[in-house]
Amino acid sequence: MLLFAHDIIVPTSFNPNPNIPGHNKRLRRVFNGAVCALDDTLINPVVPAKKQDLYRNRGKNDCYQNVLAICDFNMMFTFVVAAWEGVAHDSKILLEAVENPHAPFPFPPSDKYYLCDAMYVHTRGFMALYRNVKYWLGDFCQITNKEKINHAHAKLWNVIERAFGVLKAQFPILKRMVPFSLVTQRNIALSCFAFHNFIRRERLSDEYFARYDEPNVSLRNNNVPFNDDGDEIPTHGTAADRENMTQLRDEIVEQLMENME
């Protein structure tokens, strides 16, 4: 099964003009360097009592396993790292993933980037939302430039939240695992991601993909809650990398203000 997952969860080709379906094509022209969306999601493992403190998310009694994933604009997962403890910071998981020599991280080319939320570092290859600035699509009211770009960014980035919605609706085992070893539970999770891709790749008729293909579907019950508690985000990349991405984000703000209502 892991060989199947290895064969079907593959990095994007980083085609500069990807001929893939997707909503918000006008915004994709503005964010023309965006190739995929990146985020994490939580699944519910069965954890031995002596390890439960590591898997309890802040302020919650339930145990969670944290899964980092990347998906393209067709809701196909292109990279997945599972089995992280629920207390792990999103950006720390990414940092470990990019530095892991045994599972090469698919860095985008220098002129491309992944869209990610504000819990990740805004640096070359990763365009993050502004922190402490609203972005939930249902709550949005455009006021400032930062809110405007966060809203536009979120309309594209939510493809991965919709993909997670399909995944968890399709495979309810991710919401309550069976009491196998933690390694086996991780492998089950990876298998679910692989079957998700297989269904999408083969264009099989599927009620969950049909439901979550709608760009404005309600997602809050499917997402990892956004919790900006002021923690410092573990950084990666150089100061120049972060400055370059900040400049690019400012340029996109100007385009949004000039070309969109």
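Colleague: Which residue in S3 stands opposite Gln-65?
Modeller: This is a predicted model, so the answer holds for that model. Gln-65 falls in strand S2, residues 65–71, which pairs with S3 in the antiparallel sense. The residue opposite Gln-65 in S3 is Glu-85.

Colleague: Over how many bridges do S2 and S3 pair?
Modeller: S2 covers residues 65–71. S3 covers 77–85. The two strands pair in the antiparallel sense, over 6 bridges.

Colleague: In what order do the strands of the sheet lie?
Modeller: The sheet is open and has 5 strands. Its pairing is mixed. The twist averages 25° from one strand to the next. The order is S3-S2-S1-S4-S5.

Colleague: Which strands stand at the edges?
Modeller: An edge strand here has a single partner strand, so one side is left without a neighbour in the sheet. That applies to two strands: S3 (77–85) and S5 (126–128).

Colleague: What angle does the direction of H5 make with that of S1?
Modeller: Helix H5 spans residues 145–170 and packs on the sheet. H5 touches S1, S2, S3, S4 and S5. Its direction and that of S1 make an angle of about 45°.

Colleague: At what angle does H6 run to S3?
Modeller: Helix H6 takes in residues 182–201. H6 lies across S1, S2 and S3. To S3, the angle is about 160°.

Colleague: Is Thr-78 buried or exposed?
Modeller: Thr-78 is found in strand S3. Beyond four places in sequence, its contacts include Ile-9, Val-10, Cys-36 and Ile-70. Its relative accessible area is 5%. The cut-off for buried is under 20%, so Thr-78 is buried.

Colleague: Are the rings of Phe-105 and Phe-107 stacked or edge-to-face?
Modeller: The ring centres are 5.1 Å apart. The planes stand at 70°. Over 60 degrees counts as edge-to-face, so this pair is edge-to-face.

Colleague: How does Phe-107 count at 43% relative accessibility?
Modeller: Its ring partner Phe-105 is at 8% and counts as buried. For Phe-107, 43% falls between the cut-offs of 20% and 50%. Phe-107 therefore counts as partly exposed.

Colleague: Which residues form one aromatic cluster with Phe-105 and Phe-107?
Modeller: The count of aromatic pairs comes to 8. Phe-105 and Phe-107 make an edge-to-face pair. The others in their cluster are Phe-79, Tyr-114 and Phe-126.

Colleague: How far is the charged end of Arg-249 from the centre of the Tyr-130 ring?
Modeller: The charged end of Arg-249 sits over that ring. The distance to the ring centre is 3.7 Å.

Technical notes:
Residues are numbered from 1 along each chain as its sequence is written. This is a predicted model: local features need pLDDT of at least 70, side-chain atom pairs count only at pLDDT 80 or more; totals for chains, interfaces and linings use all residues. Side-chain values use heavy atoms; hydrogens and water are left out. Two strands pair if DSSP finds at least two bridges between them. Helices (H or I, at least four residues) and strands (E, at least two) are DSSP runs, numbered from the N terminus. Axes are lines fitted to C-alpha atoms, for helices over the stretch in contact, and angles run from 0 to 180 degrees between N-to-C directions. Contact means heavy atoms within 4.5 Å. Rings of Phe, Tyr and Trp (its six-membered ring) pair if their centres lie within 6.5 Å; planes under 30 degrees apart count as stacked, over 60 as edge-to-face and the rest as tilted. Buried means under 20% relative accessible area, exposed over 50%, partly exposed in between (1.4 Å probe, protein chains only). A charge sits over a ring if NZ of Lys or CZ of Arg is within 6 Å of the ring centre and within 35 degrees of the ring normal.
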